[in-house]
Structure formats: C-alpha cells, structure tokens
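Subject: Structure for your review

Dear colleague,

Please find below the structure that I am handing over to you, with the sequence alongside. My notes on what was found in it follow.

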Amino acid sequence: MLTAAKKEFIEFMMSADVLRFGDFTTKSGRKTPYFVNTGNYKTGLQNSRLGEFYAALVKETVGDQFDAMFGPAYKGIPLATSVSGALARNYGIDKPFFFNRKEAKDHGEGGNIVGYKPQDGDRVIIIEDVITAGTAIRETMPVLKGCADVKVTDMFISVNRCEVGQNPDKTAVMEVGEEFGIKVHALVTVQDIREYLADKEEYAHLLPLMDAYMKQYCVF
C-alpha cells in the first residue's frame with residue numbers, strides 16, 4: 001500500500017535525481033527501466049532529510065533496541081552519519097556509528113574501522129542504500145564479524161527492488177534474511193514505485209516497462 005510517507009519519499013528521491021527512469025543496466029547486468037543512485041544526494045538539506053526518513057523507520061521498527069549502527073563504505077558512510085544525527089535529534093536515541101575503509105590503514109591506529117569500536121555481544125544495525133543481488137552484504141558481514149562477536153539484527157535500505165538473488169525463487173533480501181538472520185527493512189519497494197507511477201498520467205508509458213521488468217526479475 002502506498003502510504004503518504006512512502007509517496008513523500010519517492011518524490012524526495014525523484015527531486016534529488018536519485019530515482020530516475022529510462023534505460024539502465026544494474027551492477028548485476030540486468031536492463032532496468034528505473035535506477036536508484038544514492039550518490040546523487042549532494043546537499044546538506046538532502047542529507048538531513050534522508051537521515052530523517054531512515055530514522056523514522058528505525059524508530060518504528062527497532063526503536064532503541066540496538067547498540068550501534070554500521071555504514072558500509074562508501075555510500076553507507078554518509079547514510080549512517082545522517083541517520084545517527086536524526087535519531088538523536090528527533091527521538092532522543094543517541095547511538096554510536098562506525099564504518100569501514102575499503103583498504104586498511106597502516107599508520108596511526110591502523111585497521112579498517114572508523115568510529116565506534118564494536119564489542120562482543122553488541123547488537124548492530126546496518127544502514128545501506130539498496131540491495132540488488134546481495135553482493136555487498138556478503139562482503140560486509142566478514143568485516144563486521146572480524147571486529148567483534150557482534151549480532152547483526154536489522155538492515156535498513158532505501159529501496160527493496162524485490163529482485164531474484166542467487167536462488168531464482170527468492171529475492172536477494174529473502175536470501176540475506178535466511179543466510180544471516182537479518183531482518184531487512186525498506187523505505188519503499190518496487191511495488192510502491194510502480195503504484196506511484198500508476199497514479200500519474202505522465203508516467204503511463206513507463207508502466208508496461210516496469211511490469212515487464214518485474215515479471216522477469218522480481219519475486220513477491
């Protein structure tokens with residue numbers, strides 16, 4: 001169901017040129033009529049507003065029942081930073097955040113983790129942009145487990161594309177849940193985007209393209 005909050009977030013993404021429609025190829029090599037590029041968020045106001053959208057979902061789903069949040073390099077870094085600020089500012093939930101470097105630092109304190117240093121038993125949530133094939137999360141988990149014996153409980157993303165993962169009968173999000181025991185929460189899904197377009201006459205030409213793509217690659 002397309003709620004007012006989901007509609008607002010979709011329009012926010014479009015206004016920032018993050019959600020675009022056309023002819024694109026995803027990282028997994030699939031041709032798609034829509035594309036989500038969170039790298040296009042580039043102003044302070046956009047970053048602040050994005051953090052508020054995520055923070056509202058975190059508050060609604062897990063509240064303060066976690067110890068730290070992790071933002072995978074690179075796009076997860078500004079996301080975790082803005083979400084942590086919004087949680088503290090709007091809900092009084094002041095939690096530490098941390099992120100990784102792609103390459104370990106060999107001077108100073110060294111290592112590849114910046115920010116909070118996880119402790120054994122910590123409940124960690126991941127703040128990420130999207131999951132398409134699940135490749136990034138499979139790279140992220142060894143990084144987290146290499147820090148400490150943490151429990152990764154939940155993951156928050158902008159868009160659930162609902163695309164098949166390694167198993168043709170399951171989405172990448174489903175696979176992440178089964179493989180790692182992580183609950184994945186999305187601000188919007190591909191169905192929400194399709195429903196939004198259906199309400200706008202100017203996007204009628206996109207509906208057959210969306211339907212064909214969803215039929216070929218998505219699992220619901």
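As what does F35 count at 26% relative accessibility: buried, partly exposed or exposed? At that value F35 counts as partly exposed, because the buried class ends under 20% and the exposed class begins over 50%. Please bear in mind throughout that this is a predicted model.

Aromatic pairs

F35 has an aromatic partner in F24. The two ring centres lie 5.5 Å apart with the planes at 25°, so the pair is stacked. Stacking is assigned here because planes under 30 degrees apart fall into that class. This pair links distant parts of the chain, with F24 in strand β1 (residues 19-25) and F35 in strand β2 (residues 31-36), eleven residues apart. F24 has a relative accessibility of 16% and therefore counts as buried, whereas its partner F35, at 26%, is partly exposed.

In total, the count comes to ten aromatic pairs. Another of them is formed by F12 and F53, which are tilted, at 5.2 Å centre to centre and with 40° between the planes. Here too the pair links distant parts of the chain: F12 belongs to helix α1 (residues 4-15) and F53 to helix α2 (residues 44-61), with the two positions 41 residues apart. F12 and F53 are both buried. These two residues also belong to one aromatic cluster, together with F9 and Y41.

Two arginines have their charged ends placed over aromatic rings. The charged end of R49 sits over the ring of F53, 4.1 Å from its centre. The charged end of R161 sits over the ring of Y34, 4.3 Å from its centre.

The annotated positions

R161 also appears in the database record. The UniProt entry, which is unreviewed, carries the annotation "binding site" for T132 and R161. Although these positions are spread over 30 residues of sequence, they cluster in space, the largest C-alpha distance being 6.5 Å. Both T132 and R161 are part of the lining of the largest pocket.

T132 is located in the loop between β7 (130-131) and α4 (135-147). With a relative accessible area of 18%, T132 is buried. Leaving out residues up to four places away in sequence, T132 touches S28, R30, R161, E163, V164 and A172. The two annotated residues are thus in contact with each other, since R161 is listed among the contacts of T132 under a limit of 4.5 Å between heavy atoms.

R161 lies in the loop between β8 (151-160) and α5 (172-180). Its relative accessible area is 3%, and R161 is therefore buried. The side chain of R161 makes a polar contact of 3.1 Å with the side chain of T32, and another of 2.5 Å with the side chain of E163. Outside its neighbours up to four places away in sequence, R161 touches T26, T32, Y34, F35, V36, I131, T132, V190, Y213 and C218. That list includes Y34, whose ring lies under the charged end of R161, and F35, the partly exposed residue of the opening question.

H185 and I182

Two further residues may merit your attention. H185 is placed in strand β9 (residues 183-189) and, at 17% relative accessibility, counts as buried. A polar contact of 2.7 Å joins the side chains of H185 and D154. Beyond its neighbours within four places in sequence, H185 is in contact with L57, T61, D154, M155, F156 and I157.

I182 is found in the loop between α5 and β9. I182 is buried as well, with a relative accessible area of 3%. Its contacts, apart from neighbours within four places in sequence, are I137, M141, V152, T153, D154, M155, V176 and G177. D154 and M155 thus appear in the contact lists of both H185 and I182. The C-alpha atoms of I182 and K102 are separated by 23 Å, and these two residues are 80 apart along the chain.

With kind regards

Methods:
Residues numbered from 1 in each chain as written. Predicted model: local features only at pLDDT ≥ 70, side-chain atom pairs only at ≥ 80, totals over all residues. Heavy atoms only, no water. Phe/Tyr/Trp six-rings, centres within 6.5 Å; stacked < 30°, edge-to-face > 60°. Helix = DSSP H or I, 4+ residues; strand = E, 2+ residues; numbered from the N terminus. Buried < 20%, exposed > 50% of the residue type's maximum accessible area, 1.4 Å probe, protein only. Lys NZ or Arg CZ within 6 Å of the ring centre and 35° of its normal. UniProt positions renumbered as here; feature names shortened; annotations may be inferred. 1 Å grid on protein atoms, 1.4 Å probe; cavity = no way out; pocket = protein on both sides within 12 Å on 5 of 7 lines; lining within 4 Å. Polar contact = N/O pair within 3.5 Å; in protein donor to acceptor, adjacent residues only side chain to side chain.
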